[in-house]
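Please open the structure in your viewer and keep the selection tool at hand. The tour below goes from stop to stop, naming what to select and then describing what is there.

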Amino acid sequence: MTTPPSSCAFIAFTAAYLAIRGVFIRRARKQHKTDKGDARDRALVALVGLGQIALPLLFVWTPLLDVADRAQPSACLPLGALAMAAGLWLFWRSHVDLGENWSVTLEIDAQHRLVTRGVYRFVRHPMYTSFFVSGIGQALLLANWIAGPAALVAVALLVGVRVPNEEAMMISVFGDEYRDYMRRTGGVVPRLS
Ligand code: SAH
């Protein structure tokens with residue numbers, strides 16, 4: 001059985017995503033960011049991994065999800081690739097702009113600085129925005145009703161549960177500086193005006 005081009009494109013984008021993440025995980029380890037976060041936050045991170053990687057790979061490489069296969073209109077490949085490319089670019093920019101303030105789970109250490117430049121000038125959670133944009137790409141590229149939308153569902157849960165905790169944590173450390181930042185920016189949807 002040959003892998004359809006849209007699934008091949010998805011695998012290529014996922015490899016690039018993992019390569020970028022790998023670079024920043026190694027940098028974070030060098031700064032001794034080792035906090036594993038609380039159990040709920042870890043479960044959310046695992047859920048995103050399931051939606052973005054595990055279920056798609058099950059779909060592409062095993063017959064386990066075949067019951068949920070769907071037809072693949074030809075427009076899905078270019079549109080999905082465009083969304084995944086845009087999501088990957090925003091993911092990489094968010095990592096670069098957040099620099100050493102990034103961590104997998106919610107963490108703040110003594111060296112932490114509030115970042116309000118680059119893509120963070122317009123939106124407080126550009127990395128989560130990038131997950132949504134890539135998630136749309138995944139839904140278009142993977143012709144399966146389970147593996148396709150899996151990342152969108154997982155990321156919606158991550159954002160719904162984590163963002164209130166993350167913003168409360170940022171306010172507890174940066175106070176009015178973060179409250180002012182909230183007034184000028186969008187949460188997950190960029191505010192351009
Ligand atoms: N929610 C952000 C960052 C995700 S990484 C995004 O979607 O782009 C999570 C870590 O980033 C958290 O531990 C928090 O300490 C840090 N963080 C989030 N927003 C930040 C900001 N504006 N400046 C500095 N650190 C930030």
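A residue is called buried when its relative accessible area is under 20%, exposed when that value is over 50%, and partly exposed in between. With that in mind, and remembering that this is a predicted model, begin by selecting Phe-91, whose relative accessibility of 1% means that it counts as buried.

**Stop one: the aromatic rings**

Keep Phe-91 on screen and add Phe-131, and you will see an aromatic pair in a tilted arrangement, with 5.9 Å from centre to centre and 35 degrees between the planes. This pair links distant parts of the chain, since Phe-91 belongs to helix α3 while Phe-131 belongs to helix α4 (residues 126–141), 40 residues apart. Phe-131 has a relative accessible area of 7% and is therefore buried as well.

How many aromatic pairs does the structure hold? There are five of them, and another to select is Tyr-17 with Phe-91, which is also tilted, at 4.7 Å centre to centre and 40 degrees between the planes. Because Tyr-17 lies in helix α1 (residues 5–30) and Phe-91 in helix α3 (residues 76–98), this pair ties together parts of the chain that are 74 residues apart in sequence. Tyr-17 has a relative accessibility of 13%, so this residue counts as buried. Before moving on, add Tyr-128 to the selection: together with Tyr-17, Phe-91 and Phe-131, this residue forms one aromatic cluster.

**Stop two: helix α1 at Ser-6**

Stay with helix α1 and select Ser-6, which is found in this helix and is buried, with a relative accessible area of 8%. Two contacts of its side chain can be displayed here. The side chain of Ser-6 is joined to that of Gln-72 by a polar contact of 3.1 Å, and the side chain of Ser-6 also reaches the backbone oxygen of Leu-141 at 3.0 Å.

**Stop three: charges over rings**

Now select Arg-70 together with Trp-145, and look for the charged end of Arg-70, which sits over the ring of Trp-145 at 5.7 Å from the centre of that ring. Then select Arg-93 and Trp-92, where Arg-93 lies over the face of Trp-92, 5.2 Å from the ring centre.

**Stop four: the salt bridges**

Keep Arg-93 selected and add Asp-97, because the side chains of these two residues meet in a salt bridge with an N to O distance of 2.7 Å. Arg-93 and Asp-97 are four residues apart in helix α3, so about one helical turn separates them. Are the two partners buried or exposed, or something in between? Arg-93 is partly exposed, with a relative accessible area of 22%, whereas Asp-97 counts as buried at 4% relative accessibility.

A search of the whole structure finds five salt bridges, and a further one appears when you select Glu-167 and Arg-124, whose side chains meet at 2.8 Å, N to O. Glu-167 lies in helix α5 (residues 150–174) and Arg-124 in the loop between α3 and α4, so this pair ties together parts that are 43 residues apart in sequence. Glu-167 counts as buried at 10% relative accessibility, and Arg-124 is buried too, with a relative accessible area of 13%.

For another salt bridge, select Asp-180 and Arg-183, where the N to O distance is 2.6 Å. These residues are three apart in helix α6 (residues 176–184), so they too are separated by about one helical turn. Asp-180 is partly exposed, with a relative accessible area of 35%, while Arg-183, at 57% relative accessibility, counts as exposed.

**Stop five: the ligand**

Finally, select the ligand and display its surroundings. Which residues are closest to the ligand? Of the 22 residues that surround the ligand, the closest are His-112, Val-115, Tyr-120, His-125 and Glu-166.

Three polar atoms of the protein can be picked out here one after another. A nitrogen atom of the ligand lies 2.6 Å from an N or O atom in the side chain of Glu-166, and a polar side-chain atom of His-125 lies 2.8 Å from a nitrogen atom of the ligand. At Pro-126 the partner is a polar backbone atom, which is 3.4 Å from an oxygen atom of the ligand. Taken alone, the ligand exposes 540 Å², and the protein buries 99% of that area.

Conventions: Residues are numbered from 1 along each chain as its sequence is written. This is a predicted model: local features need pLDDT of at least 70, side-chain atom pairs count only at pLDDT 80 or more; totals for chains, interfaces and linings use all residues. Side-chain values use heavy atoms; hydrogens and water are left out. Rings of Phe, Tyr and Trp (its six-membered ring) pair if their centres lie within 6.5 Å; planes under 30 degrees apart count as stacked, over 60 as edge-to-face and the rest as tilted. Helices (H or I, at least four residues) and strands (E, at least two) are DSSP runs, numbered from the N terminus. Buried means under 20% relative accessible area, exposed over 50%, partly exposed in between (1.4 Å probe, protein chains only). A charge sits over a ring if NZ of Lys or CZ of Arg is within 6 Å of the ring centre and within 35 degrees of the ring normal. A residue is near a molecule or strand if one of its heavy atoms lies within 4 Å of it. A polar contact is a pair of N or O atoms within 3.5 Å; within protein, one must be able to donate a hydrogen and the other to accept it, and residues adjacent in sequence count only if both atoms are side-chain atoms. Accessible areas come from the Shrake-Rupley method with a 1.4 Å probe; for residues, only the protein chains shown count as cover. A salt bridge is a side-chain nitrogen of Lys or Arg within 4 Å of a carboxyl oxygen of Asp or Glu.
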